[in-house]
Each structure stands twice: as C-alpha cells, then as structure tokens.
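The following report describes the fold of one protein chain, with attention to its sheets, its core and a few backbone details. Please read it alongside the sequence and the coordinates.

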Amino acid sequence: MEFDLKGRFLKMSLNITNLNLTWNTRRLRSLLNSGNLRSTSYTFLILMSVLLYLCASAAEAATQEYWIAAEKVEWNYAPSGQNLIRPAMGLDVWGKALVYEKYRYIQYTDASYTTQVEQPAWMGILGPQLHAVEGDSVRVHFLNHADKPLSIHVHGLQYDEANEGADMKGSGAAVPPGGRFTYHWEADSDAAPGPNDPSSIVWLYHSHVDAVTEVYDGLIGTIVVTKKGMERAANDPRPKDIDKAFTTLFLVFNENDRKIVKSGQSAEYDSPEEAEEGNLKHTINGYIFGNLQGLEVEQGDRVRWYLIGLGTEVDMHTAHWHGQTVLNAGKRTDVVELLPGSMVTVDMTAKTPGDWLYHCHVADHITAGMNTRWRVIPKP
Ligand SMILES: [Cu+2]
C-alpha cells in the first residue's frame, strides 16, 4: 500500500482546480454571452494565478528516493589490531575478541540491489546517511537480505502508522527475510531545523522489530534535514553553509551472549567478569582505540558534527574535541552531552592544524577505548 500525504494533497488540489476549470469555462461562456468582459478578465486572472501557484508548488516538492538492504556482516571493532591512541597499552581485555557477527544497513544505487553506494571510511558501522530538504518527501525502499524480520523506524520525520516501521503496525513493522517494503516519510516543517538550530539537523533511523537487539546488531543510520532555502542545489539537499560534515555515534555495543565469528587475539578470558567487560565495545561509529579513521578537514573549513548517542545506562557519553570549540545551539563548548537516543548538531570552523583527539570524556570510557582522532590539515 502506498501512502503519500503530499501527493494526495496535490492530487486533491488539482482535482478541485479541474472542477473549477469546468465551472469557470461554463461561467466564462455565459459571461462572454452577457458581454461582461471585466468580470471575465478577473475570473481568468484568478484562474491563471491558481494554476501557476499549483505548478510552482509541484516543482518545488522533491522526493528523495533511497534503496537500502539489511545484511549480515562480520564486524571488526579494531581492524588495525592495535591501540592507535596509546600503542603501548594495547587493546587490553577489549582486544581479546574483535570480530563479531553483526547486521548493517547497506545502500544500493537502484531497485536491482546490485551496486552498493560507497561510504566514507569515517562512517564506520553506520548505515547510509539520507538527506532531505524541508518540504521533501522521502521514500526508502527496504529489502531485508538478512535472516530475521527487520524494519526501518525513523525519528523526527512525519509518517502515518503504516510507515512507522514499529509496534506491529502493518507489514512495514516487521519485513520478513527476503521481503520488501517502501517507507513513506515527510520532511515537513516539524522535521526541519528550529529557530535555535543550524541550517540542518540530524535524525536517527533504526530497526524496530526487537529494537534493543537490533541496535546492538548495528542496524542504525541517520537522515539529515536541511532548512528550506539552505540546500546546495535543487538536486543536492545538503546544506550550503558548511564545507564538511561528520556523523559520530557513541555507543557501547554489548556483545555478551552474542556470536563471536573470529577471535581477534585470544578469546580466553581470565574470569567471567573480564569476559563481560571485554564484550562491552566502547565505540565511536563501531570502532575502538583510534580505529575510526578519516575524520579529516582543511584549516578554515566550516565543519558540522552530527552527534548520536544510543544504548543503555552505561551510555552516558560526553563527546570532546581537542584543538577546537563548537557552537551548540548558540552556546560555546568543547564537550557535548549525549544520552541514549540523543541527536545533536554542532558547528565549528577548524582553526588550528593538528592531529587532535576526539573522545568520550567519561573516565571509564576513555580507558575502554572510546576515542579516536580528527585531523586539521594546514592550508598550503
Ligand atoms: Cu562515553
């Protein structure tokens, strides 16, 4: 079943206009017959204005279309096998097992689901970042390539119950293995940046059949909504007032009782307590101890950071940049608090060249490897 709030609205308007047209053609003829030319011109002008307005609205309303599959993957929390922040300390108990069975959202170019859309390295485990401009419709064609029912539930955008992707409401709430569903969302004004927001804001999407399990599976992505008029071009919904954007997810993946595919070093723990701790992967975008790579900007770049927090009670994170402050809803800081489910968008202009730490400021999380680097390359 397809449901499109905006499409329906436009169709209804056009139908009403058609009725008016019929009515007005008749009226026009009778007016012409009666010789009342002033009224005729007036009616004609109104009619043309309505038609022009409707054509303009139709041209502006874009539909952003995406093809996303859920797939089973092997995920390595530290592909380098090293602690890249403090090499001498190693990966400690968190390095005893590194590769786990996970699920991911993978973007494809079209309905054939044959050509994957490449993602930059810094996105890590995140699913594709979707984009829309305020007023756009979003259609996500979802194919479940995995082995259990999954869904896509989006935050922030407008949808009806059939497109909630959760709560056992219709076939979109649990797409079976091999099944497909097209989600219809509206990036209306309630999904767009508010008065204290920058020109674009970030929203989460994730699987919501068994939401807790599926977040730990890795089925997490984001959608960015740009304020109307701030898009780069008609075919580029990204905001035009920044040079670079990064999205970072702070999440302690709980791998206890999950399936380890391959042992990173030696999965033999000294005690059950150590095993339990070792299976808590304190990640930024699914990587620990500096294994998240590619957060690079040039000196002078206007950089936007979309920050996401997810998880449980241990997931009280404080994202901290060395070397640069950020503007958070008009307030200056270099630490941003993130609770599970948080979505925060902050801006900076990268001033000082350097190889800077970017880490969670919670003491236990620093020890467990929730850290990486972001680099400011000097302008030649
Ligand atoms: Cu933390």
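A residue is called buried here if 20 or more other C-beta atoms lie within 10 Å of its own, exposed if there are 12 or fewer, and partly exposed in between, with the C-beta atoms placed from the backbone. The model is a predicted one, in which local features need a pLDDT of at least 70 and side-chain atom pairs count only at pLDDT 80 or more, whereas totals for chains, interfaces and linings use all residues. Residues are numbered from 1 along each chain as its sequence is written.

## Overall composition

The protein has five helices and 22 strands, where helices (H or I, at least four residues) and strands (E, at least two) are DSSP runs numbered from the N terminus. Of its 380 residues, 37% count as buried. Two residues are taken to be in contact if their C-beta atoms, placed from the backbone, lie within 7 Å; among the contacts with a separation of 6 or more, residues 24 or more positions apart account for 74%.

## The four-stranded sheet and the core

Strands are said to pair if DSSP finds at least two bridges between them. An open sheet of four strands has the order β3-β8-β7-β5, with mixed pairing. Its edge strands are β3 (129–133) and β5 (153–154), each of which pairs on one side only. Within this sheet, β7 (residues 200–206) and β8 (residues 220–226) run antiparallel and are joined by seven bridges, and Val202 has Val224 in β8 as its bridge partner.

A nonpolar core is a set of buried Ala, Val, Leu, Ile, Met, Phe, Trp, Tyr and Cys residues joined through C-beta atoms within 7 Å. The largest such core has 82 residues, and those with the most contacts inside it are Leu157, Ile223 and Val225. Leaving aside residues up to four places away in sequence, Val225 touches several residues, including Ala132, Ala187, Ser200, Ile201 and Trp203.

Gly127 lies in the loop between β2 and β3, and it counts as buried because 24 other C-beta atoms lie within 10 Å. Although Gly127 and Gly221 are 94 residues apart along the chain, their C-alpha atoms are separated by 4.3 Å. Gly221 is also one of the residues that Gly127 touches beyond four places in sequence, together with Ile68, Arg104, Tyr105 and Ile220.

## The five-stranded sheet

Another open sheet, again with mixed pairing, consists of five strands in the order β14-β22-β21-β16-β19. β14 (296–298) and β19 (335–338) stand at its edges with a single partner strand each, so one side of each is left without a neighbour in the sheet. Neighbouring strands of this sheet are turned by 20° against each other on average, direction ignored, the axes being lines fitted to C-alpha atoms (for helices over the stretch in contact) and angles running from 0 to 180 degrees between N-to-C directions. Strands of a sheet pair through backbone hydrogen bonds, either parallel or antiparallel, and the table lists the pairings with one residue pair for each.

| Strand pair | Sense | Bridges | Example of a bridge pair |
|---|---|---|---|
| β14 and β22 | parallel | three | Glu296 and Arg375 |
| β21 and β22 | antiparallel | six | Tyr358 and Thr372 |
| β16 and β21 | antiparallel | three | Ala319 and Cys360 |
| β16 and β19 | antiparallel | four | His320 and Val335 |

His320 also has a bridge partner in β21, namely His359. Along β16 the side chains alternate, in that His317, Ala319 and Trp321 point to one face and are buried, while Thr318 and His320 point to the other and are not.

## Positive phi outside glycine

Most residues other than glycine have a negative phi, and most peptide bonds are trans. Asp92, which is not a glycine, nevertheless has a positive phi of about 55°. This residue, Asp92, is found in the loop between β1 (63–76) and β2 (99–108), and it counts as partly exposed because it has 15 C-beta neighbours inside 10 Å.

Where in the chain does Ala329 lie? Ala329 is placed in the loop between β17 (326–328) and β18 (331–333), and its phi is likewise positive, at about 50°, although it is not a glycine. Ala329 is partly exposed, because 13 other C-beta atoms lie within 10 Å.
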